[in-house]
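Welcome! Let's take a walk through this structure together, one element at a time. Have the picture ready and follow along.

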Amino acid sequence: MKTHIVLVPGFWLGAWAWDAVLPHLQRPDTHVTALTLPGLESVDSPRNTVTLDSHVSSIVDAVSRSDERTILVVHSGAGASGYAATDRVPDQIARIVYVDSGPMPDGTALRPDLAEDAIEVPLPPWAELEADGSSIEGLDDDALTAFRDRAVPEPAGAARDQIVLTDPRRYSVPTTVVCSSYPSDVIKQMADGGFPIAVELAKLPVTYVDLPTGHWPMWSRPKELAETILDAADA
């Protein structure tokens, strides 16, 4: 039986973000789907009606479209919608892999500071991203230029909405956390210390993997990230 690997990129990105990773995931026993979440298809896509539920439903649809064993891989801000997907269809996800990301507690939001009338969140300057903890280590000028040229504003609703979780079976979904911006020891301390951004990890069956680089390892270390994903799939 094949393993279905579903790849979900973070803020401002589409399926194209995984292009450098895809060739390294191709095996006779794998079937790979890279997603572009609603509102992120192009700069001209409507974003005013996109919600967090829109993103969660898109992931659930991709998972449910196949009866193969599914590994869900989520990067950065997609951790919230990915975790909500494990809450909706816990029996259909064999493992979730968080790439420099993690699950969020019920009732929290990625960007609760956004105004109610905000429609989108443009890609910020690099210095602002780094100040917020999103390191651009490993990305040269060409990579940064390509990122900014292809980036699509994030739908504000998906970032502003609170995550809703109801099924405790999500706590049984095997979990891998790929630690790039911060080492695993730091993430473990945050989880054990009850920090909101990591508190859910303390409740999950987690395997931590260190892949030191910046916040976008799919570009800075694509082969190593693919190997980590395949190791998680084989676990």
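A good place to begin is strand β1, where both faces are covered: Thr3, Ile5 and Leu7 on one side are buried, and so are His4, Val6 and Val8 on the other. Put as a count, six of the six residues of this strand, which spans residues 3–8, are buried. Please keep in mind as we go that what you are looking at is a predicted model.

Which strands pair with β1? On one hand there is β2, joined to β1 in the parallel sense over five bridges. If you would like one pair to look for, find Thr3, whose bridge partner in β2 is Thr30. On the other hand there is β3, which pairs with β1, again in the parallel sense, over six bridges. Here you can look for Val8, which stands opposite Val74 in β3.

Val74 is also a handy stepping stone to the next strand, since its bridge partner in β4 is Tyr98. Strands β3 and β4 run parallel and are joined by five bridges. Is β4 enclosed or open to the outside? Five of the five residues of this strand, residues 95–99, are buried, so β4 is largely enclosed by the rest of the structure. Its two faces are both covered, with Arg95, Val97 and Val99 buried on one side and Ile96 and Tyr98 buried on the other.

Now let's step back and take in the whole sheet. It is an open sheet of six strands, paired in parallel, and reading across it you meet β2, β1, β3, β4, β7 and β8 in that order. Why do β2 and β8 each have a side without a neighbour? Strands β2 (30–34) and β8 (206–210) stand at the edges of the sheet with a single partner strand each, so one side of each is left without a neighbour there. The sheet also has a twist to it: neighbouring strands are turned by 20° against each other on average, with direction ignored.

Moving to the β8 edge, you will find that β8 pairs with β7, residues 175–179, in the parallel sense over five bridges. Within this pairing, Cys179 has Asp210 in β8 as its bridge partner. Helix α7, made of residues 184–192, packs on the sheet here and touches both β7 and β8. The direction of α7 makes about 145° with that of β8.

Next, turn to a pair of helices. Helix α2 covers residues 52–64 and helix α3 covers residues 78–88, and the two pack at an angle of about 60° with their axes 9 Å apart. The two helices are therefore oblique to each other. As α2 passes α3, the crossing is right-handed. Which residues make the contact? From α2 come Leu52, Asp53, His55, Val56, Ser57, Ile59 and Val60, and from α3 come Ser81, Gly82, Ala84, Ala85 and Arg88. Sorted by class, this contact has six nonpolar, four polar and two charged residues.

Our last stop is Arg65, which sits in the loop between α2 and β3 (69–75). Is Arg65 buried or exposed? With a relative accessible area of 62%, Arg65 is exposed, because exposed means over 50%. To place Arg65 in the wider picture, look for Asp234: the two residues are 169 apart along the chain, and their C-alpha atoms are separated by 21 Å.

Notes:
Residues numbered from 1 in each chain as written. Predicted model: local features only at pLDDT ≥ 70, side-chain atom pairs only at ≥ 80, totals over all residues. Heavy atoms only, no water. Pairing = 2+ DSSP bridges. Helix = DSSP H or I, 4+ residues; strand = E, 2+ residues; numbered from the N terminus. Axes fitted to C-alpha atoms, helices over the stretch in contact; angles between N-to-C directions. Contact = heavy atoms within 4.5 Å. Parallel < 35°, antiparallel > 145°, perpendicular 65-115°, else oblique. Left-handed = near helix turned anticlockwise from the far one by under 90°. Nonpolar A, V, L, I, M, F, W, Y, C, P; charged D, E, K, R; others polar. Buried < 20%, exposed > 50% of the residue type's maximum accessible area, 1.4 Å probe, protein only.
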